Amino acid sequence: MSTSIFHKMRVFIDVKQKLIEYLGTPYFSDNNCMLYCVDSVKAQKVLPSELFGLVITSPPYNIGKEYETVMSIDDYILWTQKWTRETCRLITSNGSFLLNLGYIAVESKGHAIPLPYLLWNEIPLFFNQEIVWNYSAGVACKNYLSPRNEKFLWYVKNKDNYVFNLDEIRDKNVKYPNSKKHGKPRVNTLGKNPSDVWEIAKVTTGQNCSSVERTPHPCQFPTDLIDRLVLGFSEKNGIVFDPFVGSGTTIESCIRHGRFCVGFEIREDYCEIAKKRIKNYYNRIPQLFIWEGNDQYVTV
Ligand SMILES: C[S@@+](CC[C@H](N)C(=O)[O-])C[C@H]1O[C@@H](n2cnc3c(N)ncnc32)[C@H](O)[C@@H]1O
């Protein structure tokens, strides 16, 4: 095990201590993650800067889900400014912010305005790229086309220096893998660039068609989607933050891929779902190495 891994573990231990100092006892915590049952806006505000290398999140869209109180558009934009200002401050100098956004109805303007049109310029970081998440299942519409995508806005703190592990997320599905030019392989043997359009199935619900990973949370990210983001945009053993953690998809994905994770969630019932999910994950894997301090690993 390299020193740099131990160094990164110590960094996580330091971050944990800081979080406990500023936020008190977490709802759940172990050697890989920390989950707080808090209002993300208030909790982020009290934390010191530059704690997390990557932020992945899907905030409330202000569309009347069971976990949100609908605000006016102006108030929603103000609320977004408030929490994203803090989130950006918490990101390290080579870090990224991956913000998932869907659609919202705006009276007399449109029934499904893409939230990125309203919010993209409210985030005080460099806008690096938009990733389109395309999925096949969803509501079937009669008077307009059935919506089948959401976006991830990818922001970076420093446009000339950010973590991007392309080889970790290459698409193995290459059409002509053996094609050569002047005797040399024409394509990267690890696969091709996965492009900015990702076709990944949604988490579905319903009799006989529920996804295996489905929890009782109403808006769950698919793990395949978050796995790709964690692998592609964070350092191994780095610290990832999800300020609206919901069912804990980001936490599970981070643990699976050797990243530390901090999550905030306002509702205790969802925190409980996330906690159970993490524990179930540990029960499913045959052997897990956990950090015990003093440069020691034990298996559980
Ligand atoms: C779209 S869901 C996130 C789902 C998550 N990505 C998953 O895979 O399960 C948004 C979450 O934000 C939580 N939330 C809403 N307002 C919050 C706040 N002020 N602080 C913390 N969490 C909040 C909601 O309870 C909800 O679980």
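Guide: Before we start: helices (H or I, at least four residues) and strands (E, at least two) are DSSP runs, numbered from the N terminus. The model is predicted, so to speak of local features we need pLDDT of at least 70, side-chain atom pairs count only at pLDDT 80 or more, and totals for chains, interfaces and linings use all residues. Residues are numbered from 1 along each chain as its sequence is written.

Visitor: What is the radius of gyration of the protein?

Guide: It's taken over C-alpha atoms, and the globule rule is 2.2 Å times the number of residues to the power 0.38. For 300 residues, a compact globule would come out near 19 Å, which agrees with the protein's 20 Å.

Visitor: At roughly what angle do the axes of H5 and H6 cross?

Guide: Axes are lines fitted to C-alpha atoms, for helices over the stretch in contact, and angles run from 0 to 180 degrees between N-to-C directions. The axes of H5 (residues 223-233) and H6 (residues 249-256) come within 9 Å, and they cross at roughly 55 degrees.

Visitor: So how are H5 and H6 set to each other?

Guide: Under 35 degrees counts as roughly parallel, over 145 as roughly antiparallel, 65 to 115 as roughly perpendicular, and the rest as oblique. The angle here is roughly 55 degrees. H5 and H6 are therefore oblique.

Visitor: Which residues of H5 make the contact with H6?

Guide: Two residues are in contact if their C-beta atoms, placed from the backbone, lie within 7 Å. On the H6 side you'll find Thr 249, Thr 250, Glu 252, Ser 253 and Cys 254, and on the H5 side Thr 223, Ile 226, Asp 227 and Val 230.

Visitor: And how is H6 set to H7?

Guide: H6 and H7 (residues 268-284) pack with their axes 9 Å apart, at an angle of about 25 degrees. That makes the two helices roughly parallel.

Visitor: How many nonpolar residues are in the contact of H6 with H7?

Guide: H6 brings Ile 251, Glu 252 and Ile 255, while H7 brings Ala 274, Arg 277, Ile 278 and Tyr 281. Ala, Val, Leu, Ile, Met, Phe, Trp, Tyr, Cys and Pro count as nonpolar, Asp, Glu, Lys and Arg as charged, and the others, Gly among them, as polar. So this contact has two charged residues, no polar ones, and the nonpolar ones number five.

Visitor: Which elements give two or more residues to the shell around the ligand?

Guide: A residue is near a molecule if its C-beta atom, placed from the backbone, lies within 6 Å of it. There are 19 residues around the ligand, with Ser 40, Tyr 67, Phe 244, Gly 246 and Ser 247 the closest. The elements you're after are helix H2 (40-45) and strand E13 (260-265).
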